[in-house]
Amino acid sequence: MKALILKSGLYLLLTLVALEGYVRVFHLTKDYPSRYVDVKGVEKWRPNQSGFSVTGNRRQNFSEYHINSSGFNSYREFEPTQDAVELALVGDSFIEGFHQNYYNSIGHKIETHLPDVNVYEFGYAGYDFADELHLVHAYKDLFDNIDYVFLGLKFENDLYRDAYHVLQERMKLESPLYKNLRKIKILTYAQSIGLLDPIRNAISHILNLSAKKTTSTTTQHKQHIEAEAHAKYIENFKTLITRYGYDKDRFILVLDTAKTPQIFLNYLKRYNFDYVDVSEDLKASKRPTTLIYDMHWNNHGRNIVAKCIVSYYNNNFTKK
Amino acid sequence: MVFNSLGFFIFLPIVFLTYWLVLKKNLKVQNVFLLLSSYFFYGWWDWRFLSLIFLSTVVDYCVGIQIEKHSNAKTRKQWLWCSIVFNVGLLAFFKYFNFFIASWVDACALLGYDIKSKWTLRILLPVGISFYTFQTMSYAFDIYYKRLKPTTDFLGFAAFVSFFPQLVAGPIERASNLLSQILNKRTFSYEQCVSGLKLILWGLFKKVVIADALAPIVDDIFANYSTYPASTLLMGIVFFSFQVYGDFSGYTDIAIGTSKLFGIELMSNFKFPNFSRNVAEYWQRWHISLSTWFRHYIYIPLGGSRAGKLKSIRNIAIIFLVSGFWHGANWTFIFWGAFHALVFIPVFLMGRNTIYKHTVIGQSSVFPSFLEIGQVLLTFAIVSFSRIFFRSPSISDAFAYIGCFFTNPGYAPYQHPSGYRMLDYYILIAVFVIYEYLIRKDERQPFKFKYKAVRFIIYTIVIMAMLLFYDSNIDRSFIYFQF
């Protein structure tokens, strides 16, 4: 029995080492860029890092990212001037674009359509509207040199807060423990393919055993809760634009009206907030617009979004 | 609890270590522990159905003693019938009741009587009922035929009936093999445990990599067959053949491997059926524990092949029909059984039903002959074709599936429902077939290679393949649980 336990342990260890080797050699899992909070209190990627983003068990999506000196994934540096025409795209992982090669981003696609325009992409996974407005506010001098700022907004996800503060939960990922764990590639691979989900679910199930069970609600009750949440999100929107400022002449929201409640769209219209609607073009596409393994836009989806912004730009703006 | 779940990977080491480290000195306590572990394992699904296992155990334990007690043939037979009626009754109620009612209503409708049945019940099918009822019946049969003495150790007998590695999907053990091992002292064997762990690894590979990876493709093709060309439909049946084989033989390997950890050897259930050279050989290699059950307890008592050609044909037809019906309460299974009877009988009449009993393809050579390749492909084609009935939800769907080969002949590239690259699956199947060919002579030793380093590399490749094809979103239960 002792021999069995010892040899099993040894084999387990050797197997893990071998698997670590396979995952590294075939680059089966993603690299994690490190993040930080800069002197202005903005959470972003540490400048000048490169790596690869991988999705799926068998590298179904494989792309390269490059974090520039400003801390965002882009093929270019952000050096806006008064003379050139410049656009900024501010948003979450959809703008960040780790799922496509960094030289094939939405910003780059827009530049192809508008050769005289420079596009800067301030994308960061998990950014909500508070993050976005705080970023623009914190880097006011930089953004003042940019002619138009497109802000990605997903109504149901991005308006939970009415003020920006650093999310400690996210920054915990930079703790030495997480950093060291991420160095074990087989572990990050196992996590990314969902192998660790049963363990995580079991732990949360055990932890929730003592918690109160939520009672099932009626449709009416759900609608009531939803209406309350929507009202709160609109209030948060108002508070955020008051707190950090919002230049209606230069700022344009990018949203999917099919996923945005009418009450918010009415509010935007009533108070003259401009927005680019990407829903119709995405919906009209005969080909899939998102990755198969992931809800992020694929190359085709990003082409459509870029065209929507280009079309909006051509229809509405001239150089000031 | 399923073998490929987190729960089982916690359960198994705890039971294993307690069994050998804490309780190894006392056989009785070990058996009680096995019994409780097995009831826990089964109760994880639905503890209410434990009562059925317990009832079946009590009935057959008493029946065994009664059969042995009486020397009068008539009385012995009456007691045997008690066991048959009880176990088949359980099956009839839980598995076939609604089928009988629905078939009766359909038959009346055919004759012009419109009956609205109020008899259909919402009955849950207890997992593994077809397996453990057959196992307990075999005990009564064996005592009746005087092949076995009944045990007076009720707890040992209960542990035999509910032995968790093979409780829910077999192999359907005979008391002469399993009960005798449970009633006798087991000793820890390092070699046996290592061999068991290897089988568990190989079984998990077949389940996770072959069966689970092909399942979404097969589900998609069988659900949308009318939209696909013949090339895709053909791929659907070939993939289903590999899926069901990977799923069921994977389960069996894990069951046999797990039993080895407890010092118990179960019978083999699969011997590379995909390399069968005719349909008769296929049935000597596929679900062996069920085929031999039918052979021992139905075919031979009916006269077997010694009662003249016509009766033999009748007996073959009966066992295949019963085998089909055993699989499920649906005409598709009966049709599947009938189809196999039709393709088996010519082989039987030609006297070729046992010619491959003791050999495998490429018995004395590295490569198979062209003749063998042809035979294997033909047998695989026949068996795979029959699985259209096995997999389709209804007879009409099965025929519609076949009809689509003619209405939509031709080829079109198939897109995986989740968008994965199909080439991965073609390579996977090819490599699997080649590997199985390499190990074809011993189903108990999937990693029989001379050098340790080679074995280790293969272990790691097998585990890596499991990760590469693991899908956290799919239903991971085993196909044969529904039977």
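**Exercise 1.** State how much area is buried between chain B and chain A, and which atoms give most of that area.

*Solution.* Begin with the term: buried area is the accessible area (1.4 Å probe) that two parts lose on being put together, summed over both. Between chain B and chain A this comes to about 2400 Å². Carbon and sulfur atoms give 72% of that area. Next, take contacts, meaning heavy atoms within 4.5 Å: 29 residues of chain B are in contact with 28 residues of chain A.

The model is predicted: local features need pLDDT of at least 70, side-chain atom pairs count only at pLDDT 80 or more, and totals for chains, interfaces and linings use all residues. Residues are numbered from 1 along each chain as its sequence is written, chains are lettered from A in the order in which they are written, and side-chain values use heavy atoms, without hydrogens and water.

**Exercise 2.** Find which side chains meet in a salt bridge between the two chains.

*Solution.* A salt bridge needs a side-chain nitrogen of Lys or Arg within 4 Å of a carboxyl oxygen of Asp or Glu. The count between chain B and chain A is one. Its partners are D424(B) and R58(A), at 2.7 Å, N to O.

**Exercise 3.** Decide whether H340(B) is buried or exposed, and list what it touches.

*Solution.* First locate the residue: H340(B) lies in helix α13 (residues 331–349) of chain B, where helices are DSSP runs (H or I, at least four residues) numbered from the N terminus. Then apply the cut-offs: buried is under 20% relative accessible area, exposed over 50%, partly exposed in between (1.4 Å probe, protein chains only). H340(B) counts as buried because its relative accessibility is 1%. Leaving out residues up to four places away in sequence, H340(B) touches V279(B), Y282(B), W283(B), F320(B), V383(B) and S386(B).
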